[in-house]
Amino acid sequence: MNAVVVQNLIHTYPAKRRSESPHQALQGVSFQIQEGEIFGLLGPNGGGKSTLFHILSTYFQPTQGQVHVFGDDVLQGTEPVRRKIGVVFQAPGLDSKLTVYENLKHQGHLYGLYGEILKKRILDVLGQVGLVDRSAEFVETLSGGMKRRVELAKGLLHQPKLLILDEPTTGLDPVVRRDIWMHLKELQRGGTTIALTTHLMDEAELCDRIAILNRGRLVALGRPKDLKAEIGGDVIWVEAEDPEKLGADVERLLSMKSTVDGTLRMEMERGSEFIPRLASAFPGRIKSITLRNPSLEDVFIQKTGHRFGTEDLVL
Amino acid sequence: MRHFWLASWTLCERELVRFMRQRSRVIGAFAPPVIFWFLIGSGLGHSFRDANYLQYFFPGTIVLIILFTAIFSTISIIEDRHAGFLQSALVAPLSRVTIVTGKISGAGLLALVHALPFLFLAPLAGIHVPVTSWLSVACLLVAMSIGLGGLGFLLAWRLDSTQGFHAIMNLFLIPMWLLSGALFPASGAARWVRIVMWCNPLTYAILGFQKSFFVAGVPLSLSPISIGICLAVSVAFAAAMVGASIFSAQRT
């Protein structure tokens, strides 16, 4: 069964000033999330993934299109959907002046949980994220990683079938990031479907399937392994003093499209055999050559024609 | 229905606990009005009308305490909505009415908790609050707490920044209080000020308090407007603010 079905989703933000035009953040996005999988929405800032997160979490409704969560139409009424989803926002949603327990207690009340049932659920979720002994501490005394785990516990309190997270590990160090992912994988084993947004390639690699978003459009959808396999062969990155000029020469001499956003990059079979040719053809003009297997960034480049996040710099 | 009350209460309780745990906020809401009252009241003394100004200014100070507390409490909505606890409430299976009730009752209760101790200072200023006035004073306190809590909610819900809220406070809320009879009576004011004052719902609350407080057996105000009208306007103001907050919260 599909946990989420998104069909032809369009979302337009009204212009903030008269001189500006409305911003179309999503331009007809369709995909499905299968029950029990970890699904990643990967994209650069401004790609549309946050808008998609807010629509999936019922924070606001789309301008057009359809979203079904476990069969319930989000546009027909949010309440049944909200009971089935747990939401973890990117911006901290904890009250630092309250204890961990108090934060969870208030969250439970919002979902109609109270009394002994709520107490038991709080202990259960704190156990799940390994924070039972921190229950009486004020949130302001916790580390960033622990706060994130409390947020996770908050999202899980009412036992949602689908957990939606917005950039769950942004700003966290690698050890904490690994820790959060360990908890997510464990939740998945327990039967929870997980949908998350990320702009981190290595995080997207950990998802069962990903949707890559760029400028409000879906540019790729599938398992990270399959998407990378579509590229085939190797990817060669060249660092040079003047990459534009070197790129033009490479294209002329070796008839190969090679420059992306001012960087020299080529996709080919048996890249290792090509490197000596390249080095000898342009002596003294190359600083370094890197050969690697295709990554998700390469998938992004192939689908969009530009590097991941470089548009942000321009904007 | 139980879910509605549980969620409303939890939002309200959270407001109370958070406020009480931040001593600076407690002091910030209670101390300045009391200091204003004491300094302005003592400074003007008997130079203003026949009555002691500490006595005249007493009802205005009550409304100022309620205004400050309600406003400081609702101001948190601005940040909470985009990055905070309120985000979770907005995606929980709740109606927006629950959020409005929870927030306003929290702000209102806090305002009440701050205003009540000040009432105990009344005998020190030579003001007597007879038992027959207790009901009207209680009604006015509750109506003002809910009304100003609602007004705070309404403004905070529409605004994007706390700086904007401070601007509104200086431009709109403080003048609203100034032109309520808190500092001076309508009778001696310029005609346009009198018109504004009689259109201001706070004027009726202040008048209601003035008619409920007695000095040497005489109420602070001898205005022909009855206490019933003062109560009716105050309750209508509270209802209008709650209604407008619900309308605003459901739209956005």
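Student: In this predicted model, which residues touch the most other members of the largest nonpolar core?
Tutor: That core holds 143 residues, and the model it sits in is predicted. Nonpolar side chains tend to be buried together in soluble globular proteins. The ones touching the most other members come from both chains: Ala153(A), Ile164(A), Ala195(A), Val63(B), Ile66(B), Leu67(B) and Ala205(B).

Student: Which helix gives the most to this core?
Tutor: Look at chain B, where Val63(B), Ile66(B) and Leu67(B) are among the residues touching the most other members. The top contributor supplies 15 residues, and that's H3(B).

Student: What is Leu67(B) in contact with, leaving aside its neighbours within four places in sequence?
Tutor: Leu67(B) is one of the H3(B) residues that meet H7(B), and Leu148(B) is on the H7(B) side of that meeting. Adding the other partners, the set is Leu148(B), Leu173(B) and Trp177(B).

Student: At what angle do the axes of H3(B) and H7(B) cross?
Tutor: Two packed helices are described by the angle between their axes and the distance between the axes. Here H7(B) covers residues 131-158, and the crossing is right-handed. The axes come within 8 Å, and the angle is roughly 35°.

Student: How many charged residues are in the contact of H3(B) with H7(B)?
Tutor: H3(B) brings residues including Val63(B), Ile66(B) and Ala70(B), while H7(B) brings Met144(B), Gly152(B) and Phe153(B), among others. They divide into nine nonpolar and five polar, and the charged count is none.

Student: And at what angle do H3(B) and H6(B) pack?
Tutor: H3(B) runs over residues 53-74 and H6(B) over residues 96-119. Their crossing is right-handed. With the axes 8 Å apart, the angle is about 145°.

Student: How do the residues of that contact, H3(B) with H6(B), divide?
Tutor: On the H3(B) side you'll find Thr61(B), Ile65(B) and Thr69(B), among others, and on the H6(B) side residues including Lys103(B), Leu110(B) and His114(B). Sorted by type, they come to nine nonpolar, seven polar and one charged.

Student: Which helix gives the most to the side of chain B that touches chain A?
Tutor: In that interface, 21 residues of chain B are in contact with 22 residues of chain A. On the chain B side, H1(B) and H5(B) each supply at least two residues, and the whole side divides into 11 nonpolar, seven polar and three charged. The top contributor, with eight residues, is H1(B).

Student: How far apart do the C-alpha centres of the two domains of chain A lie?
Tutor: Chain A is divided into domain 1, residues 2-223, and domain 2, residues 233-293. The C-alpha trace of the chain spans about 75 × 45 × 40 Å along its principal axes. Between the two centres, the distance is 41 Å.

Student: Is Phe70(A) buried, partly exposed or exposed?
Tutor: Phe70(A) lies in the loop between strands S4 and S5 of chain A, and its phi is near 45°, a positive value in a residue other than glycine. Most residues other than glycine have a negative phi. Because Phe70(A) has 18 C-beta neighbours inside 10 Å, it counts as partly exposed.

Student: How about Arg270(A): buried or exposed?
Tutor: Arg270(A) is in the loop between strand S13 and helix H10 of chain A, and its phi is near 45° too, again positive in a residue other than glycine. The cut-off for exposed is 12 or fewer neighbours. Arg270(A) has 9 C-beta neighbours inside 10 Å, so it counts as exposed.

How values were computed. Residues numbered from 1 in each chain as written. Chains lettered and ligands numbered in written order. Predicted model: local features only at pLDDT ≥ 70, side-chain atom pairs only at ≥ 80, totals over all residues. Axes fitted to C-alpha atoms, helices over the stretch in contact; angles between N-to-C directions. Helix = DSSP H or I, 4+ residues; strand = E, 2+ residues; numbered from the N terminus. Left-handed = near helix turned anticlockwise from the far one by under 90°. Contact = placed C-beta atoms within 7 Å. Nonpolar A, V, L, I, M, F, W, Y, C, P; charged D, E, K, R; others polar. Core = buried A, V, L, I, M, F, W, Y, C linked by C-beta atoms within 7 Å. Buried ≥ 20, exposed ≤ 12 C-beta atoms within 10 Å, placed from the backbone. Domains from an automatic or database assignment.
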